[in-house]
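Take a walk through this model, one stop at a time. Keep the sequence beside the 3D view.

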Amino acid sequence: MTAKLKLALVGCGAIARYHLDGINKYAPRIEITAAIDPDMSRAEGYAAETGAIAFPTLAQALQHADFDAVDIMVPHHLHEELVIMAFAAGKHVLLEKPMAPTIDACQRILDAAAQARTQFPGLVFMVAENAQYWPEIVLAKELIDEGAIGDIITARASFAMELPPYFFEDETAWRFSKAKAGGGIAIDGGSHWIRPLRMWMGEIKEVMGVLGNPLPQMEGESMVRSLVRFESGKVATFEALMAEAVMAPQPWWRINGTKGEIVIEEGLENGALLLYNAENRNGLRVAEPLGYANSFGPELRDFAHVVLDGAEPAADAAYALGELRTALALYRSAESGQWESVWD
Ligand SMILES: NC(=O)c1ccc[n+]([C@@H]2O[C@H](COP(=O)([O-])OP(=O)(O)OC[C@H]3O[C@@H](n4cnc5c(N)ncnc54)[C@H](O)[C@@H]3O)[C@@H](O)[C@H]2O)c1
């Protein structure tokens, strides 16, 4: 298939680097034709690298540039306005997670997508939850489905990270504002730890948790300790911690089954998967580690496949409400001290 997907990068900040590296490595059918950011030095940097044209706003790019799809990578409170503008122009949309900071805003986005499809049949809307394509997460799912660790008993998801520079690179530091981000690390990076739990263990029914604020500059939570109960009745733990402190390496994932255990070590560019079972008592390193950074390319490649070939996406947009709803239920639980339902 030689058709190319002409794509506009909307927001040329921290995650745009990962998206572009992923496109270069995994998605040769994508051609970047516009790079958009009110910070024109950023837009121009990406334009120079890709041969695209730089614009300060999506509105101007829609008037003057040639593209079929947008890849929206802006602060959470700006998602709704830009995605709805793109739908109105008939552009396919890949939108960084979370879909929006509130369920009401998500519903408006989903309604706008449905409305746009009446005018533009086949319009694609995907939420970029890259954990769906994270090589070790996908491999763990395959192993679980093959029965390598028997039936899952429980899992531990632990996201722990020293405050990364990109959190405050932008002078507006939107992630420190609850109003802009919608919360703290559960609604943001936490989603990449919640999605795999859903991929492996099914839908989440309810959560109970406590929140903490070790990062004083962040209004939202920078620590989560929680229990996650699935429709199946099984329970996992979800922990998250961000602090201005050095942290020792620790597994990001442990999945215990009736016959063994899968461990996924921490790693943006590595993060080995180890399988422990009767045949592998000392742990088998199942494949060369690829790590979190190698999830973005397959995500962009899937988006191109869906748009160009009419394929089904690995997960539809509404499925991404599950991570947001889990985070919002955690916030309610921290207030009520009770289990809180994710879907009611
Ligand atoms: N999947 C992941 O692992 C991951 C990691 C980081 C961020 N993200 C998501 O990506 C999105 C962006 O996060 P980031 O870390 O890149 O933020 P960032 O602050 O580094 O970059 C955002 C960029 O958007 C630009 N921008 C602001 N308003 C704009 C507008 N109206 N039109 C176009 N551009 C505009 C800003 O100038 C900035 O360059 C968020 O949804 C975030 O949750 C995902």
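What follows goes from a helix to the ligand site and then to a glycine in a loop. The model is a predicted one.

Start with helix H9, residues 296–309. It has 14 residues. From its first C-alpha to its last it reaches 19 Å, close to the 20 Å expected at 1.5 Å a residue.

How many of the residues of H9 are buried? The count is 11 of 14, so the helix is mostly covered, with buried taken as under 20% relative accessible area. Begin at the N-terminal end of the list: Phe 296, Gly 297, Pro 298, Glu 299 and Leu 300 are among the buried residues. Asp 302, Phe 303 and Ala 304 are buried too. Val 306, Val 307 and Leu 308 complete the list. The list includes charged side chains, with Glu 299 and Asp 302 both in it.

Against what do the buried residues of H9 pack? Their partners include one helix, H1 (14–26). The others are strands: S1 (5–10), S2 (30–36), S4 (69–72), S5 (92–96) and S6 (125–128). Just after H9 comes Gly 310, with a positive phi of about 70 degrees.

Now move to the ligand. It is surrounded by 26 residues. The closest are Asp 37, Arg 42, His 76, Asn 130 and Tyr 292. By class, this shell holds 14 nonpolar, six polar and six charged residues.

Several polar atoms sit by ligand oxygens. A polar backbone atom of Ile 15 is 2.9 Å from an oxygen atom of the ligand. For Lys 97, a polar side-chain atom lies 2.8 Å from a ligand oxygen. For Asp 188, the distance from a polar side-chain atom to an oxygen atom of the ligand is 3.3 Å. Taken alone, the ligand exposes 840 Å², and the protein buries 91% of that. Two elements give two or more residues to the shell: H1 and helix H4 (79–88). H1 thus appears twice, since the buried residues of H9 also pack against it.

The last stop is Gly 271. Where is Gly 271 placed? It is in the loop between strand S12 (260–264) and strand S13 (273–277). Is Gly 271 buried or exposed? It is buried, because its relative accessible area is 4%, under the 20% cut-off. Leaving aside neighbours within four places in sequence, Gly 271 is in contact with Glu 136, Ile 264, Glu 265, Glu 266 and Pro 289.

One more link leads back to the ligand. Gly 271 and Tyr 292 are 21 residues apart in sequence, yet 7.8 Å apart in space, C-alpha to C-alpha. Tyr 292 is one of the residues closest to the ligand.

Key. Residues numbered from 1 in each chain as written. Predicted model: local features only at pLDDT ≥ 70, side-chain atom pairs only at ≥ 80, totals over all residues. Heavy atoms only, no water. Helix = DSSP H or I, 4+ residues; strand = E, 2+ residues; numbered from the N terminus. Expected span 1.5 Å × (residues − 1). Buried < 20%, exposed > 50% of the residue type's maximum accessible area, 1.4 Å probe, protein only. Contact = heavy atoms within 4.5 Å. Near = heavy atom within 4 Å. Polar contact = N/O pair within 3.5 Å; in protein donor to acceptor, adjacent residues only side chain to side chain. Areas by Shrake-Rupley, 256 points an atom, 1.4 Å probe, with all protein chains shown as cover.
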